[in-house]
Amino acid sequence: MPPEKHALLSASSASRWLKCTAAPRFEEHLPERTSEYAEEGRLAHSICELKTLKKFTVMTSRTYTTRLNKLKKNPLYSEEMDKTSDLYIEHLIEQAMLYDSTPTVVAEVQVDFGEYVPEGFGTCDNVMIGGDTLSITDYKHGKGVPVSAVGNPQMRLYALGALKRYAPVFGDAIKKVRMSIDQPRLDSYTTDTITVEELMAWGENIKPIAQKAFSGLGEFVPGDHCRFCRGKAQCRARANTNTALEDFKDCVPAASVPPDAMVPQEFSHIGPHGNEVRPLLSDAEIGDLLIRGKELVAWYKDLEEYATKALLDGKPIEGWKLVAGRSIRTFTDQDAAIQAAIAAGYDEALLYDRKPKTLSEMEKLMGKAEFAEKIGGYVTKPLGKPTLALSTDKREAYNPAAADFAGVAANE
Ligand code: SF4
């Protein structure tokens, strides 16, 4: 897995340090948190790497099986990893088919982009080169938020590093780079293609920003990017932004009526002093409040998470303590409990529910192809529950009318 965790300006944190140049040196002094998710991601990457080598290089089935079985022994292994890594390989095959002739394919490539970012290095999950195109693909196992490859600085830094690494072999033949991010667990596959010239111009542009971030003379700039920062709960700059509640007053002016305000007439009136009284917030004001409050809610959750951990570690957080949350009752021994119920005269049939297997379980049982052929016609995918999202969100806007036809579309 990527050794880039040791790089101060890592490619994976570039979207943060390019905006908040103080972040790298600030985070450097805070303890690194290794989560089970990160360990799980590392294992999934190892499986992807092994399958890439099997598919694109010479590897005996025996070696492959031995190595895969070893990985499967990891307690974090799940069958889902087998599926997501298969989807990743399918996507790599599609990528390879875009070339006129078989490309050179390499997995887990160490790249150095120190020419643009001080001490910058990292690992590309996959690099393909053929004709005039260099393709890099990054597998992401997380299923928190989809990450787009479009304009993605992590991918661009990897691409700069890969170009440098392969320049001695391919010289000036490479004219464009294709960068893809695969997140099979979120069904998210995105690609961005730019020319080598554009990529290098971008690299030159970020050089002074990277220098600033490396020097320790950067500026704290809070924003969306804070959510993955190691200091997200303790950062004063972020706290200052969120505690400036005065900002909220600006979006709820006392009297003026925005031209597009949708306040029902009966609620708005002129008060006894000739001032306009608007007891209802307009939809425009609610939209504005939601945007301003979003970061506040995220920050509060980070504070809660920090305080919970601190209390668990025995550190006092004034005014707070930990209590046991709600729990549900379970049998200590379900089989014994059922036997006792039968002994008490209850019919066994009443104690069990006969349940069909889930769709995914049946697909696993039958295999994808047979499942699609024999019972695929009975599968429908209803439109998900409407969820509030910012208008800038990349997903298509929810269309209530489309919900009626969602099943039809899924069967096509
Ligand atoms: S929490 Fe935000 S503002 Fe503070 S250092 Fe991290 S990225 Fe910068």
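## Charges over rings

A charge is taken to sit over a ring if NZ of Lys or CZ of Arg is within 6 Å of the ring centre and within 35 degrees of the ring normal. In this predicted model, the charged end of R178 meets that description with respect to Y99, sitting over the ring at 5.3 Å from its centre. K54 is likewise placed over the face of Y64, with a distance of 5.9 Å from the ring centre.

## The chain as a whole

The chain contains 16 helices and seven strands, and 33% of its 412 residues count as buried. When contacts between residues at least 6 apart in sequence are considered, 65% of them join residues that are at least 24 apart.

## Aromatic pairs

The count of aromatic pairs comes to two. One of them is formed by F26 and F220, which meet edge-to-face, with 5.4 Å from centre to centre and 85° between the planes. This pair links distant parts of the chain, since F26 belongs to helix α2 (residues 23-28) whereas F220 lies in the loop between α7 (196-215) and α8 (236-243), 194 residues apart. F26 has a relative accessibility of 23% and therefore counts as partly exposed, and F220, at 42% relative accessibility, also counts as partly exposed.

The rings of Y88 and Y139 have their centres 5.4 Å apart and their planes at 70°, so this pair is edge-to-face. Because Y88 lies in helix α5 (residues 79-97) and Y139 in strand β3 (residues 133-139), the pair ties together parts of the chain that are 51 residues apart in sequence. Both Y88 and Y139 are buried.

## Strand β3 and its partners

Strand β3 is largely enclosed by the rest of the structure, because seven of its seven residues are buried. From this strand T133, S135, T137 and Y139 point one way, while L134, I136 and D138 point the other way, and all are buried.

With strand β2 (residues 121-130), β3 pairs in the antiparallel sense over five bridges, and G130 stands opposite T133 of β3. The hairpin of β2 and β3 has two residues between the strands, and in it G131 takes a positive phi near 55°. With strand β4 (residues 176-183), by contrast, β3 runs parallel, and the two are joined by seven bridges; here I136 stands opposite M179 in β4. Between β3 and β4 the chain passes through helix α6 (residues 153-170), and this β-α-β crossover is right-handed.

## Nonpolar cores

The largest nonpolar core has 36 residues, and those with the most contacts inside it are W17, V117, L134, I136 and L157. Two or more residues are given to this core by each of α1 (14-17), β1 (104-112), β2, β3, α6, β4 and α7, and the largest share, eight residues, comes from α6.

L134, which points from β3 on the side shared with I136 and D138, is in contact with Y99, V127, M128, I129, A162, L163, I174, K176, V177 and R178, leaving aside its neighbours within four places in sequence. Apart from the largest core lies another core, of 19 residues, among them I89, A96, V105 and M128.

Terms used
Residues are numbered from 1 along each chain as its sequence is written. This is a predicted model: local features need pLDDT of at least 70, side-chain atom pairs count only at pLDDT 80 or more; totals for chains, interfaces and linings use all residues. Side-chain values use heavy atoms; hydrogens and water are left out. Rings of Phe, Tyr and Trp (its six-membered ring) pair if their centres lie within 6.5 Å; planes under 30 degrees apart count as stacked, over 60 as edge-to-face and the rest as tilted. Helices (H or I, at least four residues) and strands (E, at least two) are DSSP runs, numbered from the N terminus. Buried means under 20% relative accessible area, exposed over 50%, partly exposed in between (1.4 Å probe, protein chains only). Two strands pair if DSSP finds at least two bridges between them. A crossover is right-handed if, with the strands pointing away from the viewer, the path from the first strand over the helix to the second runs clockwise. A nonpolar core is a set of buried Ala, Val, Leu, Ile, Met, Phe, Trp, Tyr and Cys residues joined through side-chain atoms within 4.5 Å. Contact means heavy atoms within 4.5 Å.
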